[in-house]
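Trainee: Can you take me through this one? I have the sequence and the model open.
Mentor: Go ahead and ask.

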Amino acid sequence: MAEHPAYPVGLRLFGRRVVVLGGGQVAQRRLPALIAAGADIVLVSPEATPSVEAMADAGEITWEKRPYADGDLAAAWYALIATSDPEANSRASAEAERHRVWCVRSDDADLATAWTPATGTSAGVTVAVLTTDARGRDPRHTAAIRDAVVEGLRDGTLVAPHHRTRTPGVALVGGGPGDPDLITVRGRRLLAEADVVIADRLGPRDLLAELPSHVEVIDAAKIPYGRYMAQEAINNALIEHAKQGKSVVRLKGGDPFVFGRGMEEVQALAEAGIACTVVPGISSSISVPGAAGIPVTHRGVAHEFTVVSGHVAPDDERSLVDWPSLAKLTGTLVILMGVDKIGKIAETLVAHGKSPETPVALVQEGTTAAQRRVDATLATVAGTVRAEDVKPPAVIVIGEVVNVGPEPAA
Ligand SMILES: C[S@@+](CC[C@H](N)C(=O)[O-])C[C@H]1O[C@@H](n2cnc3c(N)ncnc32)[C@H](O)[C@@H]1O
């Protein structure tokens, strides 16, 4: 048998009985895919790991708390034999053979009648990798091949053209704070499939350089807006390109719905009858402080964090922020777009009761090579911003969490 290659096949296990013998690490690794396949899973094992037990508690599998007994495999379509008792494994695999049940054995691949491939999924495709024969089995190697293929499909370095027509439309993609590794897997895949990308100044600009030359990259800040507002001109550009049947990615910094005007674009597209997908992104409000060693919450220090826009001063009649109430909160205050107005903001917070000694940190260009952190207090922050020439984009963090991280290494 060892001389012949295994025959690859996809089992459709929905509603079909699958018996798993042994509730240890092997079962823990294999069960999620069997559950996802909709199999009717019976686990036979006196013990189980806490994760396997949780699957039984959640009703995802039926757990019979006892050792394997002859007859357990009689009604199964497929079996996974993974007890810690080699003798029980042999008896079970003999029973599987008798009943013609395909079975995987965790202790001896040579004696098994089926092998589990290394699998991964990307955008509705399952990649499964098997070695050709038992002698060549090298699970780490197959897993590495699987990783390379799945990763390549996800990040677009392995391009597999779709032969069915893609649905044109717009994807509003949150690109994260700037580091190209901090975009989501879905965002990166959509970017790799785009015909047109309309990008903001903030976000993972480095990813744009990797796009194939046929992709039209448009800088949102440079879209001429003549008699329109800039946002309207961006909406129109999205609509026009989508109407031409193109796949359009609107790449935004952070998350599209955190001070990103994302919903305005969603609404404009809906009014024009254009399909739109929204892909969340890692917001700078949490990730940029984190990248500079500041957690927005910390046990015993801050049980809340509030994210505020500082783009208009507290005394500006357009401001919708209740600064006097914010001054009374004990938690963390995170301010975006606040560098220009931080002097007025600090003054207002202190005037309404916040201690002038409250720690403040400004993190400029977070997660990029140019990241820098400047520390101050509410009393000193206006002067520090001037003296240190802190420039947007920066996230400002106000609160005791600023000081909870370890000192940076010298
Ligand atoms: C228009 S808001 C967009 C926020 C974005 N949607 C998000 O979720 O991160 C722009 C502000 O986000 C903050 N910001 C975004 N990326 C940043 C980064 N890499 N470093 C520091 N601040 C950043 C700055 O306060 C900047 O002025």
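**The ligand shell and a helix pair**

Mentor: The largest share of the shell around the ligand comes from α9, with three residues. Helices (H or I, at least four residues) and strands (E, at least two) are DSSP runs, numbered from the N terminus. This is a predicted model: local features need pLDDT of at least 70, side-chain atom pairs count only at pLDDT 80 or more, and totals for chains, interfaces and linings use all residues. Residues are numbered from 1 along each chain as its sequence is written.

Trainee: How many residues surround the ligand, and which are the closest?
Mentor: 24 surround the ligand, and the closest are G254, V258, S283, S284 and G366. A residue is near a molecule if its C-beta atom, placed from the backbone, lies within 6 Å of it.

Trainee: Why does the shell lie between domain 2 and domain 3?
Mentor: Because domain 2 (169-279) and domain 3 (285-403) both give residues to it. The bounds come from an automatic or database domain assignment.

Trainee: New topic. At what angle do α7 and α8 pack?
Mentor: Helix α7 (residues 230-243) and helix α8 (residues 262-271) pack at about 50°, with their axes 10 Å apart. Axes are lines fitted to C-alpha atoms, for helices over the stretch in contact, and angles run from 0 to 180 degrees between N-to-C directions.

Trainee: Which residues make the contact?
Mentor: Q231, N235, L238 and I239 of α7 meet E264, E265, A268 and L269 of α8. Contact requires C-beta atoms, placed from the backbone, within 7 Å.

Conventions. Two residues are in contact if their C-beta atoms, placed from the backbone, lie within 7 Å.
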